[in-house]
Amino acid sequence: MMENRNTKGPEYIQRFSLNFRIQHIVLFISTTILIITGIPLWCIGRPEYSWSQDIVQAFGAVATIRLIHRIAAIGLTAVSFYHILYLIYTREGRREFIELLPMPKDFVDVTKKSLYFLGLSKSQPRFGRFSYFEKFDYWAVYWGCVIMIGTGLVLWFPEIAAKYIPWLSYELAAEIHADEAILAALAIFIWHFYNVHFNPSRFPGSGLWWHGKMTREQMMEEHPLEYEELMRK
């Protein structure tokens with residue numbers, strides 16, 4: 001879908017629907033709160049992280065932080081399950097899922113991009129709806145949610161977990177939960193933020209997450225195969 005904001009302005013292409021954007025916003029907000037509240041909870045009882053007590057005091061008490069953490073966890077769980085239903089029961093969701101599946105072309109694109117970065121090739125890969133690093137972002141979040149929600153439930157309901165999955169002890173779940181949380185935080189604030197917001201071509205940030213639109217020029221540069229398909233239709 002294309003529209004003109006004014007007679008002299010650039011043409012914009014709607015890439016993501018309101019449904020998709022709301023899911024992303026809920027995911028972003030809940031994940032950010034989980035990281036902010038999860039750090040002091042993880043540091044409790046560790047003398048080398050005494051600075052975490054300042055964060056605890058800022059929230060008022062450990063119980064308050066734990067409550068906020070669990071509310072955010074409910075938000076993450078809810079949007080994760082909703083996303084699965086979105087993929088299954090909506091035409092848009094099924095289309096997006098198919099577009100996000102890893103394909104042989106993605107491995108070819110990685111090779112082409114690597115050769116370009118090394119100065120061994122003058123041509124760059126041409127992407128369709130999603131590039132290989134966007135697919136990596138998606139599947140990393142997908143896998144991360146499975147681990148975080150699963151181990152989080154064990155930590156929240158240890159008695160039930162001990163009864164039905166005794167092999168996953170509280171201590172093991174806590175370690176997996178913390179390690180995955182650190183990995184997720186690093187992936188979000190370094191890999192994802194750079195590609196989406198801090199990349200020189202997009203700095204100081206992309207508004208795509210909010211309005212779901214890209215200019216025609218951005219589409220031709222970043223997703224030329226998708227743009228050509230849209231023009232054919």
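**Entry 1: Asp-109**

I looked up Asp-109 and found it buried, with a relative accessible area of 3%. The model is predicted, so I note that here at the start. Buried means under 20% relative accessible area, so the 3% of Asp-109 qualifies. I placed Asp-109 in helix H5, which covers residues 104-117. Next I asked: which residues does Asp-109 touch, not counting those up to four places away in sequence? I found Pro-125, Arg-126, Phe-127 and Tyr-132.

**Entry 2: Tyr-116**

I stayed in helix H5 and went to Tyr-116. Is Tyr-116 buried or exposed? I found neither word fits, because Tyr-116 is partly exposed, with a relative accessible area of 31%. I then listed its contacts, leaving aside neighbours within four places in sequence. Tyr-116 is in contact with Ser-121, Lys-122, Ser-123 and Gln-124.

**Entry 3: Helix H1**

I turned to helix H1, residues 18-43. I counted 26 residues in H1. From first C-alpha to last, H1 reaches 38 Å. That is close to the 38 Å expected at 1.5 Å a residue.

I also checked H1 for a bend. Where does the kink in H1 lie? I found the kink at Thr-37, at about 25°. The proline Pro-40 follows shortly after.

Then I looked up the buried residues of H1. Among them are Phe-20, Arg-21, Gln-23, Leu-34 and Ile-35. Thr-37 and Pro-40 are on the list of buried residues too. What covers the buried residues of H1? I noted that the cover includes strand E2 (11-14), H2, H3, helix H4 (91-100), helix H8 (170-198) and helix H9 (208-211). Just after H1, I saw that Gly-45 takes a positive phi of about 85°.

**Entry 4: H2 against H3**

I compared helix H2 (residues 52-59) with helix H3 (residues 62-89). They pack at an angle of about 80°, with their axes 7 Å apart. That makes H2 roughly perpendicular to H3. From H2, I listed Ile-55, Val-56 and Phe-59. They meet Val-62, Thr-64, Ile-65 and Ile-68 in H3. By class, I found six nonpolar, one polar and no charged residues in this contact.

**Entry 5: H4 against H6**

My last pair was H4 and helix H6 (residues 132-156). Their axes come within 10 Å and cross at roughly 110°. H4 and H6 are therefore roughly perpendicular to each other. Phe-97, Glu-99 and Leu-100 of H4 make the contact with Lys-135, Tyr-138 and Trp-139 of H6. I sorted the contact by class: four nonpolar, no polar and two charged residues.

Key:
Residues are numbered from 1 along each chain as its sequence is written. This is a predicted model: local features need pLDDT of at least 70, side-chain atom pairs count only at pLDDT 80 or more; totals for chains, interfaces and linings use all residues. Side-chain values use heavy atoms; hydrogens and water are left out. Axes are lines fitted to C-alpha atoms, for helices over the stretch in contact, and angles run from 0 to 180 degrees between N-to-C directions. Helices (H or I, at least four residues) and strands (E, at least two) are DSSP runs, numbered from the N terminus. Angles under 35 degrees count as roughly parallel, over 145 as roughly antiparallel, 65 to 115 as roughly perpendicular and the rest as oblique. Contact means heavy atoms within 4.5 Å. Ala, Val, Leu, Ile, Met, Phe, Trp, Tyr, Cys and Pro count as nonpolar, Asp, Glu, Lys and Arg as charged, and the others, Gly among them, as polar. The expected span of a helix is 1.5 Å times one less than its number of residues. The bend at a residue is the angle between axes fitted to the seven residues ending there and the seven starting there. Buried means under 20% relative accessible area, exposed over 50%, partly exposed in between (1.4 Å probe, protein chains only).
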